[in-house]
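Visitor: I've never read a protein structure before, and I'd like some help. Could you walk me through one, feature by feature?

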Amino acid sequence: KRKKSIRNRRIRKAKSELGHLESTLKDRESQLQDYKARQHMIDSLIEEKEKLELEIETQFQAAVRIQRWFRDKQRAKILQDERKRLEQFMDYLHAAATVIQRFARGYLVRKNYDLWKVQEN
């Protein structure tokens, strides 16, 4: 009878310890699942961060291209305005040259007339 009670006590103790170990195992499995879920979330966040960095880089490059285009367009406008001013100046010079040419022709004609008159006398 005594052997039986010692045996039963050992069995109860082993069952209790087994229950405790099973409970610990379930806790650890739950912690592992939580860890895996957190790791998955971290991986997703890292992936999202990389996508956003790529998008930011793309947007930045687009902004630089737009800025360059705008600057080129401004330069083109400045050059066009400068060209118009040069064309107006060339027109002014052409008109001045025409006036000078007419004056010179008139002067030479008068000079030749005077010379002809002098030679005649």
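Guide: Let's go from the whole chain down to single side chains. One thing up front: this is a predicted model.

Visitor: Okay, where do I start? What does the secondary structure of the chain come to?

Guide: Start by counting helices and strands. Here you get one helix and zero strands. That helix is α1, and it covers residues 2-120.

Visitor: And how do I read the overall shape? What does the C-alpha trace span along its principal axes?

Guide: Look at the three spans side by side. In this chain they are about 175 × 15 × 5 Å. You can also check the radius of gyration against a reference value. A compact globule of 121 residues would have one near 14 Å, but this chain has 51 Å.

Visitor: Can I get a feel for that from pairs of residues? How far apart in space are Ala14 and Ala62?

Guide: Good way to do it: pick two residues, then put their sequence separation next to their distance in space. Ala14 and Ala62 are 48 residues apart in sequence, and their C-alpha atoms are 71 Å apart. Try Glu47 and Val99 too: 52 residues along the sequence, 77 Å from C-alpha to C-alpha. Or take Asp72 and Lys36, with their positions 36 residues apart in sequence and 54 Å between their C-alpha atoms. Of the residues in these pairs, Ala14 sits in helix α1, Glu47 does as well, and Asp72 belongs to that helix too.

Visitor: Next, burial. What share of the residues in the chain is buried?

Guide: The idea is to ask how much of each residue is still accessible. Under 20% relative accessible area is called buried, and over 50% is called exposed. In this chain, buried residues make up 0% of the 121 residues. The exposed area adds up to about 12,400 Å², and carbon and sulfur atoms supply 58% of it.

Visitor: Is Ala14 buried or partly exposed, and why?

Guide: Put its number between the two cut-offs. Ala14 is partly exposed because its relative accessible area is 45%. Asp72 gets the partly exposed label as well, because its value is 41%.

Visitor: Now the contacts. How many salt bridges does the count come to?

Guide: To spot one, look for a side-chain nitrogen of Lys or Arg within 4 Å of a carboxyl oxygen of Asp or Glu. By that rule the count here is six. Among them is the bridge between Glu47 and Lys51, whose closest N and O atoms are 3.9 Å apart. Another links Glu53 with Lys49, at 3.3 Å from N to O. A further one joins Arg85 to Glu82, with the closest N and O atoms 2.9 Å apart.

Visitor: How are Glu47 and Lys51 placed in helix α1?

Guide: For partners in one helix, count the residues between positions and think in turns. Glu47 and Lys51 are four residues apart in helix α1, so about one helical turn separates them. Glu53 and Lys49 are also four residues apart in that helix, so they too are separated by about one turn. With Arg85 and Glu82 the spacing is three residues, and the separation is again about one helical turn.

Visitor: What about accessibility for these partners, say Glu53? Does it count as buried or partly exposed?

Guide: Use those cut-offs again. Glu53 counts as partly exposed at 43%, and its partner Lys49 counts as partly exposed at 48%. Glu47 has 46% relative accessibility, so it is partly exposed. Arg85 is partly exposed with 46%, and Glu82 is partly exposed with 36%.

Visitor: Last topic: surface patches. Which residues make the nonpolar patch?

Guide: For a patch, look for similar side chains gathered on the surface. Phe89, Met90, Tyr92 and Leu93 make a nonpolar one of about 450 Å². Leu93 lies in helix α1 and is partly exposed, at 38% relative accessible area.

Visitor: And which residues form the positive patch?

Guide: That one is made by Arg2, Arg9, Arg10 and Arg12, and Arg9 is part of helix α1. You can also look at charge over the whole chain: there are 30 positive and 19 negative charges, and their mean positions are 14 Å apart.

Conventions. Residues are numbered from 1 along each chain as its sequence is written. This is a predicted model: local features need pLDDT of at least 70, side-chain atom pairs count only at pLDDT 80 or more; totals for chains, interfaces and linings use all residues. Side-chain values use heavy atoms; hydrogens and water are left out. Patches are made of residues with over 30% relative accessible area and no salt bridge: like charges are joined within 9 Å, nonpolar side chains (Val, Leu, Ile, Met, Phe, Trp, Tyr) within 5 Å. Accessible areas come from the Shrake-Rupley method with a 1.4 Å probe; for residues, only the protein chains shown count as cover. Helices (H or I, at least four residues) and strands (E, at least two) are DSSP runs, numbered from the N terminus. Buried means under 20% relative accessible area, exposed over 50%, partly exposed in between (1.4 Å probe, protein chains only). Lys and Arg count as positive and Asp and Glu as negative; His and the chain ends are not counted. The place of a charge is taken as NZ of Lys, CZ of Arg, CG of Asp or CD of Glu. The radius of gyration is taken over C-alpha atoms; the globule rule is 2.2 Å times the number of residues to the power 0.38.
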